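Q: I'd like to learn how to read a model like this one, feature by feature. Could you walk me through it?

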Amino acid sequence: MEPILGSWEANMDHALTRSPIDVCSSRGEDAVVLGNLGVVRVLRVNAGSRDVRVREGDLCLLLPFGRIDRFGYAELAYAYDCPGTIGLLAKRSKMDARLLLPLPDGTAYSPAQWAGYGRYFTAWDNWQKAYGCWRTQVPDDDPANHLVFGWGGGVAFAELLLAKRAGFRVAMAAGSDERVAFLRAHGITPVDRRLFPDLSLPSREERRDRDRHQRRRKSVEAFLHLVGDLSDGHGVAIFVDNIGEPLYDITLAALAREGTVTTCGWKAGMRLSHLRGAEAIARHLHVNTHVWRLGDSPGIRDFMEAEGWIVPAGSDTVYDFDRVPELADDYAHGRIGSYFPMFRVNPL
């Protein structure tokens, strides 16, 4: 197969920084070719293969399953921590046909819209689990009375669109004029992160800075006041937190009683701590998911096609193959306005 478009994901940034793991060391390999989500073209199918799901010339989604457990969930990610797997930053490679999911025949959407599918598939799985857990404690109340809030990027955006479909109030933090306008255009209340400039936990160097702590306290108080306004004083029913450590204490403080905090990513820190007693008394549920179930992939794809729940046309940012180092640097330093940064490997 040959890659057409790849989606630049947080796991690629993690691999380059060798944090939270060094994928080369964990795989026992000197070098790793990254890129496990995007659109590829099938060039040739093994003549002896009995798998007829893909044909030569098909455009397909690469499914990022390196090793799965007995229920079909990913244990190791393709082109990340699974040994022997080659990602979309190789101009051509071989792979098992079971990891290729053809685009719908006559699809109404472009390859660029499909290339960001990983954020949507991940959001689908996380939302199903989070909403289901929330409903175990709040079985009857109208979602219109409850707020779903998100920090994060494309996954949180896709998840909030599902929450909106389910009837919830939805809001999301954003840090640029472009993203604020984008959220508003898609029916999500934007919360301008720049109004709360000191939300993040102090770094090690800043921990003795009393002024820094005072500024953070003021930002946190202002943010929680806004959450109160958006939720009629109840707090967030379901909080999508794909950032992690720097904002986790605020996530918990903003959460309503019987609220659910849900995550499927850890862009800025994996190691978290909380008071178990306080979480128990508040009946907070904590949901953690990773990727999705392999067997659910065709159904999620078909929902995206039928319902138009897909990367909005023109909202992607595409870098040519020789600009991938620039893409990596721009992503790492927050210089990309789009929630859907991509790289083009081969022409369509």
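Q: Which residue caps the N-terminal end of helix 7?
A: This is a predicted model, so let's read its geometry as computed values. To find a cap, look for a side chain that reaches a backbone nitrogen at the start of a helix. Here the cap is aspartate 209: one of its side-chain oxygens lies 3.0 Å from the backbone nitrogen of aspartate 211.

Q: How many residues does helix 7 have, and what should they span?
A: Multiply out the rise and compare. Helix 7 covers residues 210-230, which is 21 residues, and at 1.5 Å a residue they should span 30 Å. The end C-alpha atoms are 31 Å apart, which agrees. Just after helix 7, aspartate 232 takes a positive phi of about 55°.

Q: Which residues of helix 7 are buried, and which are exposed on the other side?
A: Here the cut-offs help: buried means under 20% relative accessible area, and exposed means over 50%. In helix 7 the buried residues are Arg212, Arg216, Ser219, Val220, Phe223 and Val227. Seen down the helix axis, they fall within an arc of 100°, so they line one face of helix 7. Arg210, Lys218 and His225 are exposed on the other side.

Q: What covers the buried residues of helix 7?
A: The cover includes strand 7, strand 9, strand 10 and helix 8 (248-254).

Q: Those strands make me curious about the sheet. In what order do the strands come, and is the pairing parallel or antiparallel?
A: The general idea first: strands of a sheet pair through backbone hydrogen bonds, in either a parallel or an antiparallel way. In this model, 6 strands form an open sheet with the order 9-8-7-10-11-12, and the pairing is parallel. Strand 9 (189-192) and strand 12 (285-288) are the edge strands, each pairing on one side only. From one strand to the next, the twist averages 20°.

Q: How many bridges join strand 8 to strand 9?
A: There are 4 bridges between strand 8 (residues 169-174) and strand 9, and the two run parallel. To look at one position, find alanine 174, which stands opposite aspartate 192 in strand 9.

Q: Which strands does helix 5 lie across?
A: Helix 5 (residues 154-165) lies across strand 7 (147-151), strand 8, strand 10 (236-241) and strand 11 (255-263). For the orientation, compare N-to-C directions: helix 5 runs at about 165° to strand 8.

Q: Let's zoom in on threonine 262. Is it buried or exposed?
A: Threonine 262, placed in strand 11, is buried, with a relative accessible area of 0%. Leaving out residues up to four places away in sequence, threonine 262 touches Asn126, Ala130, Glu159, Ile238, Phe239, Val240, Asp241 and Val287.

Q: What about glutamate 258: what is its phi?
A: A backbone check picks out residues with positive phi. Glutamate 258 has a positive phi of about 60° although it is not a glycine. Glutamate 258 lies in strand 11 and is partly exposed, at 24% relative accessible area.

Q: Where is valine 291 found?
A: Valine 291 is in the loop between strand 12 and helix 10 (297-307). Its phi is positive too, about 55°, although valine 291 is not a glycine. With 10% relative accessibility, valine 291 counts as buried.

Q: And which residues does a cis peptide bond join?
A: Check omega for this one. A cis peptide bond joins serine 19 and proline 20, with omega about 15°. Proline 20 sits in the loop between helix 1 (10-17) and helix 2 (23-27).

Technical notes
Residues are numbered from 1 along each chain as its sequence is written. This is a predicted model: local features need pLDDT of at least 70, side-chain atom pairs count only at pLDDT 80 or more; totals for chains, interfaces and linings use all residues. Side-chain values use heavy atoms; hydrogens and water are left out. Two strands pair if DSSP finds at least two bridges between them. Axes are lines fitted to C-alpha atoms, for helices over the stretch in contact, and angles run from 0 to 180 degrees between N-to-C directions. Contact means heavy atoms within 4.5 Å. The expected span of a helix is 1.5 Å times one less than its number of residues. Buried means under 20% relative accessible area, exposed over 50%, partly exposed in between (1.4 Å probe, protein chains only). The arc is that of the directions from the helix axis to the C-beta atoms. A polar contact is a pair of N or O atoms within 3.5 Å; within protein, one must be able to donate a hydrogen and the other to accept it, and residues adjacent in sequence count only if both atoms are side-chain atoms.
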